[in-house]
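Here is a walk through one protein chain, going from a single helix out to the whole fold. Keep the viewer open and follow along.

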Amino acid sequence: MATNLVHTPEECTERPPAGDPCIMVIFGAAGDLTKRLLMPAIYNLKCDGLLPEKFAVIGMARKDLTTDSFREKMSTDIREFSTRSTFDEGAWNDFVEHLHYTQGSFDDEGSYSQLADLIGKLDGEYKTGGNILFYMATPPSVFGIISDNLERMGLRSEENGWKRIIVEKPFGTNLSSAIDLNKEILQYWQEHQVFRIDHYMGKETVQNILAFRFANGIFEPLWNRNYVDHIQFCVAETVTVEGRGNYYDKSGVMRDMMQNHMFQMLAYICMEPPSSFASEAIRNEKAKLMEAVRIMTPEDVRNHTVRGQYGPGKKSDGTDNVGYREEPGVNPESSTETFAAAKLHIDNWRWDGVPIYLRSGKALGKKDTEILVEFKKAPEVLFRNTPVTSLPPNQLVFHIQPDQGIQLKFQTKVPGPTMKMQPVNMHFSYGEAFEAARGTGYEIMIYDCMLGDATLFSRTDLVEQAWQIAQPILDVWESEPAQGFPNYPVGSWGPKEAFDLIEKDGRSWLGMSNIAT
Ligand code: NDP
């Protein structure tokens with residue numbers, strides 16, 4: 001059942017105001033992130049009328065580029081990475097005039113004088129009122145040196161216009177490095193200036209979780225241990241490490257996916273209603289929820305987590321793929337996990353006794369990010385003396401990507417003289433209901449940062465609390481090397497132990513009925 005109402009964005013929303021006038025300085029602008037995600041996102045903002053007129057981008061990196069060659073490079077890259085179905089030449093040609101470049105190394109003081117001169121010149125030209133958004137598209141190891149030099153050049157002072165910094169993940173590689181990184185950042189910047197980005201939070205489907213929960217009267221009363229049996233979070237990727245073996249081998253799925261994206265989604269699904277939609281009200285509730293997640297003991301880690309690593313197999317597109325240990329850049333004896341599953345508990349009044357299952361992996365059979373809220377079953381006793389022997393539970397599924405929508409599964413009577421039941425789906429699809437352009441998730445984040453709205457960004461305490469949950473798991477995994485890796489083939493649904501984890505509780509992973517393991 002799909003809704004047949006189609007709304008254009010204009011019908012659904014009044015166009016919001018453009019972001020504040022500003023100069024956006026991208027440190028590391030010659031890198032992968034800038035061409036693949038940032039430029040397409042800024043261009044989408046331009047096309048949607050959300051970029052201020054008084055706006056300029058300055059790219060800075062070591063690469064020997066000039067403003068002209070930077071513009072040329074971005075003009076080529078945007079045609080490859082734009083997310084829009086048709087390319088708006090006019091919008092791009094207008095936008096490209098606002099791109100500038102200054103070449104320099106982050107540890108070279110002279111480079112910052114050049115940067116300061118260019119900022120001063122463009123601030124006058126574009127009338128950006130001294131507002132500067134610094135985007136750290138760089139490894140975290142250079143944040144300190146960049147911040148130090150900005151201070152030296154007087155570029156961090158908010159006396160004349162706001163100064164904000166967007167920090168990319170990873171926010172540390174373990175609890176202690178996250179605390180150190182936060183200390184370093186807060187030594188230079190105040191919390192209101194720091195925007196730690198997790199682009200998952202920018203996805204419409206993730207943002208809609210809060211709207212869905214708190215704008216509909218029928219679900220929130222059921223959203224607790226009295227009615228919910230369990231909750232599942234699944235982030236399944238079909239891609240392997242795709243040439244990023246060197247990076248991934250130091251990370252693994254717990255650091256790369258669970259500790260950040262999945263814990264953030266968990267907070268949205270399970271947090272208490274905030275007092276308002278103001279940034280701090282939402283972030284306070286997220287922090288409270290994260291604090292209530294039970295920290296695992298080593299015994300819990302052994303019993304309630306599973307890790308896996310892919311071996312050779314056929315990808316979902318039918319092509320053969322080597323095992324993880326044969327991937328370029330990966331240690332041939334690596335025990336880095338490319339798959340993980342875990343069962344968590346939330347020790348608060350609302351969720352006591354409701355298990356939360358998480359599962360994520362690379363090289364799986366299907367690309368899917370979804371969240372399942374499974375309700376307690378209706379009693380079957382009423383149907384005694386009928387052909388109905390069991391009643392499957394109602395399931396509410398949030399499809400985050402690539403499908404975007406919400407699905408409610410319930411039982412209906414099959415037409416006919418006997419009482420037979422069949423589960424059916426009530427399905428809302430974003431694609432069918434709205435003509436919204438597909439974004440990268442970065443659009444809203446950059447736009448919100450221009451407006452100073454930090455709702456979607458992670459605060460210091462949230463980042464550290466997420467690491468408090470992940471660290472004991474990583475500690476046990478590190479001290480007890482994985483046995484039997486690789487333990488699942490490319491193109492499968494992960495190791496058998498992941499099925500055992502949930503099946504021993506009498507439950508099963510969502511989507512398992514129609515996908516071969
Ligand atoms: P790249 O390695 O592709 O790019 C890094 C950029 O930083 C390059 O432009 C490089 O300049 C510049 N750089 C590094 N060190 C210096 C230095 N000392 N002085 C001047 N410039 C320097 O990295 P990505 O773009 O992929 O990633 C950047 C950050 O974003 C990382 O923290 C990454 O974890 C994060 N991230 C990346 C994602 C992605 O999809 N790529 C997704 C999410 C987060 P040059 O090339 O000129 O040397």
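## Starting at helix α8

Let's begin with what helix α8 hides: its buried residues are Thr-205, Val-206, Asn-208, Ile-209, Leu-210, Phe-212 and Arg-213. Keep in mind that this is a predicted model. What do those buried residues pack against? Their partners are α10, α11 (279-292), β14, β15, β16 and α13 (430-433). As for its length, α8 has twelve residues and covers 15 Å between its first and last C-alpha, close to the 16 Å expected at 1.5 Å a residue.

Just ahead of this helix comes Gly-202, which sits in the loop between β6 (194-196) and α8 (204-215). Gly-202 has a relative accessibility of 8%, so it counts as buried. Setting aside neighbours within four places in sequence, Gly-202 makes contact with Gln-207, Gly-441, Ile-444 and Met-445. There is also a long sequence jump to look at here: Gly-202 and Gly-439 are 237 residues apart in sequence, yet their C-alpha atoms are 9.0 Å apart in space.

## Helix α2 and its kink

Now scroll back to helix α2 (residues 32-47). With 16 residues at 1.5 Å each, it should span 22 Å, and its end C-alpha atoms are indeed 22 Å apart, so the two agree. The helix does have a kink, though, of about 35 degrees at Leu-38, shortly before the proline Pro-40.

Is α2 mostly covered or mostly open? It is mostly covered, with twelve of its 16 residues buried. Both Leu-38 and Pro-40 are among those buried residues, and so are polar ones to click on, including Thr-34, Asn-44 and Lys-46. After the helix comes Gly-49, with a positive phi near 70 degrees.

## The nonpolar core

Which residues have the most contacts inside the largest nonpolar core? They are Phe-27, Tyr-135 and Phe-398, in a core of 153 residues. Helix α10 (residues 253-270) supplies the largest share of this core, twelve residues. The core also draws at least three residues from each of domain 1 (18-168) and domain 2 (202-503).

Phe-27 is a good one to select. Not counting residues up to four places away in sequence, Phe-27 touches Met-60, Phe-106, Tyr-112, Leu-115, Phe-134, Tyr-135, Met-136, Ala-137, Thr-138, Ile-146 and Leu-150. One of these partners, Tyr-135, is itself listed with the most contacts inside the core.

## Zooming out

The chain has 16 helices and 18 strands. Its radius of gyration is 24 Å, close to the 24 Å that the globule rule gives for 517 residues, so the chain is as compact as a globular protein of that length. Along its principal axes, the C-alpha trace spans about 85 × 55 × 45 Å. Buried residues make up 54% of the 517 residues. Of the contacts with a separation of 6 or more, 78% are between residues 24 or more positions apart.

The domain assignment gives domain 1 (18-168) and domain 2 (202-503). Their C-alpha centres lie 34 Å apart. Where they meet, 25 residues of domain 1 are in contact with twelve residues of domain 2.

## Backbone spots to check

A few places have backbone angles that are worth a look in the viewer. The table gathers them.

| Site | Backbone feature | Location |
|---|---|---|
| Gln-401 and Pro-402 | cis peptide bond, omega about -5 degrees | Pro-402 in the loop between β15 (395-401) and β16 (405-413) |
| Phe-485 and Pro-486 | cis peptide bond, omega about -5 degrees | Pro-486 in the loop between α15 (460-479) and β18 (488-489) |
| Glu-242 | positive phi of about 45 degrees | loop between β7 (228-236) and α9 (245-248) |
| Asn-385 | positive phi near 65 degrees | loop between β14 (368-375) and β15 |

Neither Glu-242 nor Asn-385 is a glycine. How exposed are they? Glu-242 has a relative accessibility of 44%, so it counts as partly exposed. Asn-385 has a relative accessible area of 80% and is therefore exposed.

Methods:
Residues numbered from 1 in each chain as written. Predicted model: local features only at pLDDT ≥ 70, side-chain atom pairs only at ≥ 80, totals over all residues. Heavy atoms only, no water. Helix = DSSP H or I, 4+ residues; strand = E, 2+ residues; numbered from the N terminus. Expected span 1.5 Å × (residues − 1). Bend = angle between axes of the 7 residues up to and from the residue. Buried < 20%, exposed > 50% of the residue type's maximum accessible area, 1.4 Å probe, protein only. Core = buried A, V, L, I, M, F, W, Y, C linked by side-chain atoms within 4.5 Å. Domains from an automatic or database assignment. Contact = heavy atoms within 4.5 Å. Rg over C-alpha atoms; globule rule 2.2 N^0.38 Å.
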